[in-house]
Amino acid sequence: MYATGRLQHALQRALVADDPAVRRRAAVRVDAWRNVLEGMASGRLTIGSRTPVADTPAWVTLEVVTGGFATGRYVAESPPSADELARLPVNAPGETDRERLNLWYLGDEGLAELGQGLRAGRCRVDVPEESALLVVAWLLENGHFAAALDLVAELRPLMHRLRFTPTFGPSSAPSGAVVRRQSVDEVRAQLRQATVPPRIAAMRETLQVWHPLHDRLVALWCDTVDGDLPELISGAVSGGWPCRVWPDDWEERRRQWLDDYATAAELHHARAPKSNFARLQSALERCPVDSSALTGREVGWIRRALANTISAHGAPGSEARAALRTTQYEMAARPTYATLAHVLSTRLDRFPRDGGLPALDPIAGDVDGAELPAVAGVAMPPHLLAKAARALEAPIGELVDRGVIGSGEVLAEVLPQVTSQLLAANIGDPVLASVYAQTYAAFRRRRSLLLLNLEHQVRFDELPWVSAVAPYRDRSQKATRAAAQTLRETTAVALGAFPQTILPNPLVREFRALVSQADLGLPLVEEVAADIFMGTFTAKWREAAAVASRVLSGTLYARYYDLPTAWPAAEQRSRIRWRKVTADDFAEACRRRAAEAHTSQTPGYVAQNGTVLEQSQILTSHNLAVLVEALDLTDWLREAAPELADRAFSWAIQRQTQPVSTWISGLQGLKNTAYAWRQGIFFLSYCDPVNVLDKLEDRARVLGPRFEPVVTGLLDVAAGDRFDPAGRTSRGGRRLLGWSAGPHWCSLL
């Protein structure tokens, strides 16, 4: 069972991880997965439902762990802080402190405080529920008493548990023209968690502590040598013998060295027992005035140890040894990345904790003497500045160029900062617009649930306090145009920056919000997990496939994947399942086409589902055709297509050069390779493919004969050939699909 496996993995990490922070995070996950399993066993949790927690409305923000499993905990359920409790009068009504607070804010004094915070813009909303009573206050201030009472009645059953009030303080949300990935406080906390890796710490300890002690120890024993110092010649020891001469200051120097060694041993790791250092140190302890306590064999070991170190590094006081130690000391004196990370985190203290950075220049300079005198003048490493750049407020395109936004998933994280402002632009009252924007941004931070039976995630307008202000929103033509433009620009950024990956579900959901605001009505589809696929699709998949067939008709993509020429209305077969209109003809077409990927008589159901779902992505081009046509991106794509196709194919080749350790990683790698391959073919359909295919053929040679049928198949189709029903061309080329119901012919394992 998936949840049991995740619990076992978290338990193992909590027990064996070296890093205490990793163990703490793993322990939190252990508790979360225990809650999941206990809730499922007791019937309190119904995994797969929009309302997985018993007696809980769908709009409540739930704690959700990997895979979409609800733990049963409410995110907005937290004990009141000391500052909150200080507001409560004696004998305030309510069963819990949280209920007493929520009810107090519905009184005259509390409503006045909410209203003042609203007008001053000093309310911060981190969880959607925290804006509920702000909306109540706004409704009452503006005379909408019935709406306010209805909203309070809906919130009342959960007032004893949920925080319905904001955090009072300046709101530092970006304007929408610029975005940021993290707040200053989040970046600062991450920088301050930096530690010196154990291997680096051990190396510095050796250079700064043990080498100086070793050199003093060697010098002590060298002073007891009669004649030339021992050295290695052709592997044999030559030179004088130790323990023959005893300097007058031997006792004092020996005592001082042993005291210094004892101090160092208390603070640091002792040397290995069989090392030259350990042998010389052990012998020194047994020679207070002479070597009478040593055997001849032990004196020989001292001589051998001296020969080893003198031959390797030079005699004590020699130029060779001095030069080596100088170099090593300079290396050890260099500041660690952890030290510089702390300096950088301190520079962030001058900026608002919940805000962002207007620029990197104020924190990017060299370390000065006031910050850390020992390393003044050291440049701040680029990788630390890259971490700090996560708090930089800049346009999306700039953050993509800087690498701050490095994937479609991260793009989806920051895009609500733009979308929230566009949606709020439909509200004339700037006070309510600000609350609306903050609530939307907080709502988009909710984690998605695992859903079955074609259920959809909770929508923003299902929040009772959001639906309560719906009558006061007008569709602004300016906001509509801005949403369409934002959608167009963001789509171009996503395709241009990450041409090898399909649009991830969080980004598709954000695009859908922009589509609604722009009044475009596009059939955008999500990636469905193979293990929860219910065997059918809603009607929007068929609509998207119809657009793809029309837009891509006659192109390389259509020929490579044998797209239907059209989806005639007469062939459409739909029915109602789980209160949704389904496209049965589309589902049947996907199942029929998936037969090409069936290589076993008894494949697992997940693999079978995967082959069907891959065909749904192929037939719809997974939103590419829909977006390119509706957003008028054709001319842009024709210009950018050669580069995008080349990058997608290059990524696919590079992915196939990576070693595979397990069959799961091998299947995942093939799936992602096939997705990148499909993206490349889509882009190639908008340009002359010759140059791109020539480079692809050259690059693919590194993969050898295993991948050769894939390249041959694409070249054959580009030259006019077609795949037969088994997915082969006349020259032995093969169509690349990521999923396989049975062994995959292109697998590395």
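Start by selecting aspartate 55, which is found in the loop between H2 and E1; as you look, keep in mind that this is a predicted model. Aspartate 55 is exposed, with a relative accessible area of 80%, and although this residue is not a glycine, its phi is positive, at about 60°. Most residues other than glycine have a negative phi.

Now move along the same loop to threonine 56, which is placed between helix H2 (20-42) and strand E1 (62-65). Is threonine 56 buried or exposed? Its relative accessibility is 8%, so threonine 56 counts as buried, because the cut-off for buried is under 20% relative accessible area. If you display its side chain, you will find a polar atom of threonine 56 that lies 3.2 Å from the backbone oxygen of alanine 54. With the neighbours within four places in sequence left aside, the residues in contact with threonine 56 are Thr51, Leu62 and Tyr74.

For another positive phi, select aspartate 632, in the loop between helix H27 (624-630) and helix H28 (634-657). Here phi is about 55°, although aspartate 632 is not a glycine, and with 54% relative accessibility the residue counts as exposed.

The next stop is the interior, where you can select Trp677 and Phe682, the residues with the most contacts inside the largest nonpolar core, which has 118 residues. Which residues does tryptophan 677 touch, not counting those up to four places away in sequence? Its partners are Tyr560, Tyr561, Phe649, Ala652, Leu696, Phe707, Val710, Val711, Leu714 and Leu736. Apart from this core lies another, of 58 residues, and to find it you can select Leu118, Leu432, Tyr436 and Leu463, which are among its members. In soluble globular proteins, nonpolar side chains tend to be buried together.

From there, go to helix H31 (residues 708-718) and select threonine 712, which is found in this helix. Threonine 712 has a relative accessible area of 13% and is therefore buried. Not counting residues up to four places away in sequence, threonine 712 touches Arg731 and Gly733. If you then draw a line from its C-alpha to that of leucine 736, you join two residues that are 24 residues apart in sequence and 11 Å apart in space.

A second line of this kind can begin at glutamate 543, which is placed in helix H23 (residues 539-551) and is partly exposed, with a relative accessible area of 43%. Drawn to valine 606, the line joins residues that are 63 apart in sequence and, from C-alpha to C-alpha, 26 Å apart in space.

The tour ends at the second largest pocket, in which about 400 Å³ of space lies. To centre your view there, select Ile200, Arg334, Pro335, Thr336 and Tyr337, which of the 19 lining residues are the closest to the centre of the pocket. Which helices each supply at least two residues of the lining? They are helix H9 (198-222), helix H14 (337-347) and helix H15 (382-388), and the largest share, four residues, comes from H14. If you colour the lining of this pocket by class, you will see 13 nonpolar, three polar and three charged residues.

Definitions and conventions. Residues are numbered from 1 along each chain as its sequence is written. This is a predicted model: local features need pLDDT of at least 70, side-chain atom pairs count only at pLDDT 80 or more; totals for chains, interfaces and linings use all residues. Side-chain values use heavy atoms; hydrogens and water are left out. A nonpolar core is a set of buried Ala, Val, Leu, Ile, Met, Phe, Trp, Tyr and Cys residues joined through side-chain atoms within 4.5 Å. Buried means under 20% relative accessible area, exposed over 50%, partly exposed in between (1.4 Å probe, protein chains only). Contact means heavy atoms within 4.5 Å. A polar contact is a pair of N or O atoms within 3.5 Å; within protein, one must be able to donate a hydrogen and the other to accept it, and residues adjacent in sequence count only if both atoms are side-chain atoms. On a 1 Å grid over the protein atoms alone, a cavity is a set of points where a 1.4 Å probe fits but cannot get out, and a pocket is an open set with protein on both sides within 12 Å along at least five of seven lines; lining residues have an atom within 4 Å of a point. Grid points are joined across faces, edges and corners, and a volume is the space filled by probe spheres set on the points. Ala, Val, Leu, Ile, Met, Phe, Trp, Tyr, Cys and Pro count as nonpolar, Asp, Glu, Lys and Arg as charged, and the others, Gly among them, as polar.
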